[in-house]
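Good morning, colleagues. Please bring up the sequence and the coordinates, and I will take you through them.

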Amino acid sequence: MDSSLLPSQSRVSLNHHLYAHAKVPDGLRHLILDIARATKYIHSAIRTTEAGLAGTINQFGEEQLQLDVLSNEMFERHLEESRLVATFVSEEQENVVELNLKAPYSVVFDPLDGSSLVDANFAIGSIVGIYSGNQVIGRKPREQVTALYVLYGPRTILVYGAGNGVHEFILNDVGEFILLRENLGVGDDAKNYSPGNLRAVTDTPFYRKAMNHWLDAKLTLRYSGCMVADIHHILSKGQGIFTNIGGSKYPEGKLRLAFECGPFAYLVTQAGGAASDGAISIMDRPIETVDQRTPLIIGSKNEVEKVAGILKNA
Ligand code: F6P
Ligand code: MN
């Protein structure tokens with residue numbers, strides 16, 4: 001029998017944790033639970049879609065939506081049904097989408113980050129940030145009231161922060177997120193490094209310098225190509241550095257401020273780490289456009305400072 005079904009004092013559901021520990025207002029708690037429900041459908045779709053055929057016709061002759069399109073639809077449907085969302089910004093949509101301007105929250109999300117890795121059966125994830133009010137443009141990641149991500153790996157986990165630590169939950173057999181670890185922390189020094197967009201070393205001398213520094217300092221490489229998995233590695237192991245730096249192809253790096261860098265900056269900062277664009281904290285970068293990109297240096301404080309220092313002196 002699934003042990004989570006047995007009465008146990010130690011079984012803490014996401015719902016319970018949201019009101020008893022984080023003490024988030026009821027509306028926000030319901031919104032987070034609705035988003036968590038959307039990710040359960042995505043979890044199921046990832047496991048049942050014939051990966052190579054996504055976007056075409058399956059073995060039963062049915063048309064299959066591409067997983068990232070389907071994941072976007074799952075988010076959209078659950079946000080709408082919550083009746084709590086004024087506007088949202090998605091990686092899959094060009095413009096801010098208005099639902100009900102009188103509703104209390106606005107949501108930014110990347111429904112399926114790393115979706116191109118699904119054929120290789122690598123871990124992929126969803127990223128979410130929640131703001132109060134009906135505006136996202138002009139806001140700073142520091143203003144988020146909650147950020148969370150879901151990592152669909154060998155197990156599906158959800159990590160959230162709402163101003164009171166960063167906490168990890170596992171999706172059990174009956175479809176409930178159950179507390180796994182509370183108060184994840186990021187120490188000041190990194191032993192692991194995760195260098196994204198590494199092809200930029202050819203035209204960004206500073207990035208080559210940072211890379212050489214990691215090689216000389218004998219840090220251990222941990223890079224999967226999905227930022228949700230790679231940054232979760234930092235939160236899980238309690239240390240590390242993740243970067244995505246610009247080159248000639250993406251001068252500002254590849255990652256988007258609103259729904260990729262912003263939520264992770266909020267979570268990693270809350271866990272004791274730091275997130276920088278090389279000059280200032282990502283937490284203080286105003287979101288000017290939906291698809292705005294930014295360089296990202298995130299993880300253990302001392303290492304973030306060191307890499308930002310190499311960038312400044314380049
Ligand atoms: O959506 C962007 C993404 O898939 C991230 O998850 C990942 O960190 C990045 O792209 C990988 O970029 P690159 O292949 O350039 O290192
Ligand atoms: Mn993405």
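I shall speak about the domains, then the metal site, and finally one strand and its partners.

Please keep in mind throughout that this is a predicted model.

I begin with the overall division. The protein falls into domain 1, covering residues 8-181, and domain 2, covering residues 192-312. Taken over C-alpha atoms, the centres of these two domains are 23 Å apart. At the boundary, 47 residues of domain 1 make contact with 31 residues of domain 2.

How much area is buried between domain 1 and domain 2? The value is about 2800 Å², and carbon and sulfur atoms account for 66% of it. Pro141, Arg142 and Tyr149 together supply 22% of the area that domain 1 buries against domain 2, which is more than any other three residues. As for charged pairs, two salt bridges are counted between the domains.

I now turn to the metal. Which residues are the protein donors of the manganese ion, ligand 2? They are Glu91 and Glu260, each through OE, and Asp110 and Asp113, each through OD. These donors lie 2.0 to 2.6 Å from the ion. Along the chain, their spacing reads E-x18-D-x2-D-x146-E.

Two of these donors deserve a word on accessibility. Asp110 has a relative accessible area of 0% and is buried. Asp113 stands at 8% relative accessibility; the cut-off for buried is under 20%, so Asp113 also counts as buried.

Glu91 has a further partner besides the metal. Its side chain meets that of Arg256 in a salt bridge, with an N to O distance of 3.1 Å. Glu91 is thus named twice in this account, as a manganese donor and as a salt-bridge partner of Arg256.

Finally, I would like to consider strand β13, residues 296-299. Leu296 and Ile298 point one way from this strand, while Ile297 and Gly299 point the other way. Are these four residues buried or exposed? All of them are buried.

Strand β13 pairs with β11, residues 241-244, in the antiparallel sense over four bridges. Within that pairing, Ile241 has Gly299 as its bridge partner in β13. Strand β13 also pairs with β12, residues 274-276, again in the antiparallel sense, here over three bridges. On this side, the bridge partner of Ser276 in β13 is Ile297. Ile297 and Gly299, which point the same way from β13, therefore each appear in a named bridge, Ile297 with Ser276 and Gly299 with Ile241.

Methods
Residues numbered from 1 in each chain as written. Chains lettered and ligands numbered in written order. Predicted model: local features only at pLDDT ≥ 70, side-chain atom pairs only at ≥ 80, totals over all residues. Heavy atoms only, no water. Buried < 20%, exposed > 50% of the residue type's maximum accessible area, 1.4 Å probe, protein only. Helix = DSSP H or I, 4+ residues; strand = E, 2+ residues; numbered from the N terminus. Pairing = 2+ DSSP bridges. Donors = N, O, S within 2.8 Å, 3.2 Å for Na, K, Ca; no water. Domains from an automatic or database assignment. Contact = heavy atoms within 4.5 Å. Buried area = accessible area lost by both parts, 1.4 Å probe. Salt bridge = Lys/Arg side-chain N within 4 Å of Asp/Glu carboxyl O.
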